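Here are some notes to read with the structure open beside you. I hope they help you find your way around.

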Amino acid sequence: MVMLNKFKQTQEQWGGSNEVIDHWLETRQSLIVEYCKLAALQPCSTKTATVTELPSPAELQGFCQHLVDYISEGHFKIYDMVMDKWQSTGFKVTEEINQTYGHIVLTTEPLLNFTDSYAAIADNDELESFDSDLSLIGEIIEARFEVEDQLIQQIADSLAVPPGA
């Protein structure tokens, strides 16, 4: 899966550089694993019909909770910790960093809408649009990860040049 390959590249590039980033990447990895488990429940064809194996309510609730935790931790802990550490070394937030963070924020609402739709399903609920919804969420998560990586890169680039240089 493309998302997992990109994660491995990010982990190779940034892993071990900072405790906060390491924690962020570990959290991201477990979210990717959970997403892949849900996405692996593909429709299977038999000679007479197509049967779709859907995730259980518990599996969906677990993924939705992890997604909410990832978003919350990003917004209310990790970004703040990275920015505080960065600013404590004399750096100021640039317009480019603000715009990148703004792009991350744009992914939040559709992700939370997905969790609102699927976190409280029951065994007998019809999940007619689940496959397309899960696919879309995968694309949004992947886009979010790319923008988060851009934010890390922008901060790392700025750290390479001392303030006032």
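The numbered points below go from the overall layout to individual helices and then to side-chain pairs.

1. **Overall layout.** Please keep in mind that this is a predicted model. The protein chain holds 5 helices and 2 strands, and along the sequence they come in the order α-α-β-β-α-α-α. The chain has 165 residues, of which 38% count as buried. Its accessible surface is about 9500 Å², with 52% of that belonging to carbon and sulfur atoms.

2. **Contacts along the chain.** Taking the contacts with a separation of 6 or more, 76% are between residues 24 or more positions apart. Several of the points below give concrete cases of such pairs.

3. **The nonpolar core.** The largest nonpolar core contains 40 residues, and Phe63, Leu67, Phe114, Tyr118 and Ile141 have the most contacts inside it. Two or more residues of this core come from each of H1, H2, helix H3 (57–88), helix H4 (95–118) and H5. In soluble globular proteins, nonpolar side chains tend to be buried together. If you would like one residue to start from, try leucine 67: leaving aside residues up to four places away in sequence, it touches Leu31, Leu111, Phe114, Thr115 and Ile141.

4. **Helix H1.** Does the length of this helix make sense, and what span should we expect? With 13 residues (2–14) at 1.5 Å a residue, H1 should span 18 Å, and its end C-alpha atoms are indeed 18 Å apart. The buried residues of H1 are Met3, Phe7, Thr10 and Trp14. Viewed down the helix axis they fall within an arc of 65°, so they line one face of H1. An α-helix has 3.6 residues a turn, so residues three or four places apart point the same way. The face of H1 turned away from the buried side carries Gln9 and Glu12, both exposed. Just after H1 comes glycine 16, which has a positive phi of about 85°.

5. **Helix H2.** This helix has 21 residues, and the distance from its first C-alpha to its last is 30 Å, close to the 30 Å expected at 1.5 Å a residue. Its buried residues are Val20, Ile21, Trp24, Leu25, Thr27, Arg28, Leu31, Ile32, Tyr35, Leu38 and Ala39. These cover an arc of only 165° around the axis, which puts them on the same side of H2. The other side of H2 has the exposed residues Glu19, Glu26 and Lys37.

6. **Where H2 meets H1.** Glutamine 29, in helix H2, is a good residue to click on here. It is partly exposed, with a relative accessible area of 33%. Apart from residues up to four places away in sequence, glutamine 29 touches Phe7 and Gln11. Glutamine 29 and methionine 3 lie 26 residues apart in sequence, and their C-alpha atoms are 9.9 Å apart in space.

7. **Lysine 6 and its two partners.** How many salt bridges does a search of the whole structure find? There are 5. In one of them, lysine 6 pairs with glutamate 142, with 3.3 Å between the closest N and O atoms. Lysine 6 is in helix H1 and glutamate 142 in helix H5 (residues 130–159), so this pair ties together parts that are 136 residues apart in sequence. Lysine 6 also forms a salt bridge with glutamate 146, where the closest N and O atoms are 2.7 Å apart. Glutamate 146 likewise lies in H5, so its pairing with lysine 6 of H1 ties together parts 140 residues apart in sequence. As for exposure, lysine 6 is partly exposed at 33% relative accessible area, and glutamate 146 is partly exposed at 37%.

8. **A buried charged pair.** Are aspartate 149 and arginine 28 buried or exposed? Both are buried. They form a salt bridge in which the closest N and O atoms are 2.9 Å apart. The pair links distant parts of the chain, with aspartate 149 in helix H5 and arginine 28 in helix H2 (residues 19–39), 121 residues apart. Salt bridges with shared partners join Arg28, Arg144, Glu148 and Asp149 into one network.

Key:
Residues numbered from 1 in each chain as written. Predicted model: local features only at pLDDT ≥ 70, side-chain atom pairs only at ≥ 80, totals over all residues. Heavy atoms only, no water. Helix = DSSP H or I, 4+ residues; strand = E, 2+ residues; numbered from the N terminus. Expected span 1.5 Å × (residues − 1). Buried < 20%, exposed > 50% of the residue type's maximum accessible area, 1.4 Å probe, protein only. Arc of directions from axis to C-beta. Salt bridge = Lys/Arg side-chain N within 4 Å of Asp/Glu carboxyl O. Contact = heavy atoms within 4.5 Å. Areas by Shrake-Rupley, 256 points an atom, 1.4 Å probe, with all protein chains shown as cover. Core = buried A, V, L, I, M, F, W, Y, C linked by side-chain atoms within 4.5 Å.
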